Amino acid sequence: MARLIFATANPGKLAELRGLVGGALEVVSAAEFPHPPQVEEDQESFEGNAEKKARAYAEASGLPALADDSGLCVDALGGRPGVHSARYGSDDAGRIRRLLEELREVPEDARTARFRCALCLAVPGGEVVVEVGECEGRILGRPRGAGGFGYDPVFWVPSLGRTFAELSPHEKSAISHRGQAFRRMLPHLLALAGR
Ligand code: IMP
């Protein structure tokens, strides 16, 4: 069976990808890879970071490699935290606190934001495919819900009337930036398996 490396240590993302490809491909995680390359995510875009990581893993392993980068882009903050989403504070609570503080004076209808995810598939030898997913929402004034991770408790989806933290993993994946990017990438992954 064809093998694919997914350059993530996040078990939730791994489970989401394995669920999507079913038995068509063997998905190996970065954690199972003996000497994972150290990749600094220093690019200006999600696409750039995902491509850098995927290329590094494909080269190091000799296998097709998939990598993602994602984050939250808030309009009133000129797109921040964007590619700096993971480093906007020392933990999830601190990152949310900083975000809410920066938006303190911003009225409800101007608190528009989107999660964005770039996925890159790199094949040894140089060929790459990038797919992007986005999910639109609004930043609440205070956290709501206990599920998910990261900025989920303050990311409110108008069409559902709930935050990401109030959705089941299945409901979130159906609309999320990452779910969309995964589904767009699926035909390229199945092509690796000859399907
Ligand atoms: P990474 O792509 O896993 O490195 O994620 C970057 C950062 O963006 C995370 O640490 C979170 O702060 C934020 N982020 C990305 N996707 C989500 C999501 O689905 N929910 C909440 N926060 C997210």
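**Exercise 1. Which pocket is the space taken by the ligand?**

*Solution.* Let us begin with the ground rules. This is a predicted model, in which local features need pLDDT of at least 70, side-chain atom pairs count only at pLDDT 80 or more, and totals for chains, interfaces and linings use all residues. Residues are numbered from 1 along each chain as its sequence is written, and side-chain values use heavy atoms, with hydrogens and water left out.

Step 1: fix the terms. A pocket is an open set of points on a 1 Å grid over the protein atoms alone where a 1.4 Å probe fits, with protein on both sides within 12 Å along at least five of seven lines; lining residues have an atom within 4 Å of a point. A molecule sits in a pocket if more than half of its atoms lie within 2 Å of its grid points.

Step 2: apply them. The ligand takes the space of the largest pocket.

**Exercise 2. Describe the largest pocket and its lining.**

*Solution.* Step 1: the volume is about 560 Å³, counted as the space filled by probe spheres set on grid points joined across faces, edges and corners.

Step 2: 28 residues line this pocket, and K13, S70, A86, F149 and R178 are the closest to its centre.

Step 3: α2 (46–61), β3 (65–74), α3 (92–102) and α5 (177–192) each give two or more residues to the lining. Helices (H or I, at least four residues) and strands (E, at least two) are DSSP runs, numbered from the N terminus. The top contributor is β3, with four residues.

Step 4: sort by class, with Ala, Val, Leu, Ile, Met, Phe, Trp, Tyr, Cys and Pro as nonpolar, Asp, Glu, Lys and Arg as charged, and the others, Gly among them, as polar. The lining then holds nine nonpolar, eight polar and 11 charged residues.

**Exercise 3. Which residues come nearest to the ligand, and which polar side-chain atoms lie beside its nitrogen atoms?**

*Solution.* Step 1: a residue is near the ligand if one of its heavy atoms lies within 4 Å of it. Of the 14 residues around the ligand, the nearest are K13, S70, D152, K172 and R178.

Step 2: look for polar contacts, pairs of N or O atoms within 3.5 Å. For ligand nitrogen atoms, a polar side-chain atom of D152 is 2.5 Å from one, and a polar side-chain atom of H177 is 3.2 Å from one. S70 places a polar side-chain atom 2.7 Å from a ligand oxygen atom.

Step 3: on its own the ligand has 480 Å² of accessible area, and the protein covers 88% of that (Shrake-Rupley method, 1.4 Å probe).

Step 4: the shell has four nonpolar, five polar and five charged residues. β3 gives the most to it, three residues.

**Exercise 4. Where does P81 lie?**

*Solution.* Step 1: P81 is in the loop between β3 and α3.

Step 2: check the backbone. The R80 to P81 peptide bond is cis, with omega near -5°.

Terms used:
Polar contact = N/O pair within 3.5 Å; in protein donor to acceptor, adjacent residues only side chain to side chain.
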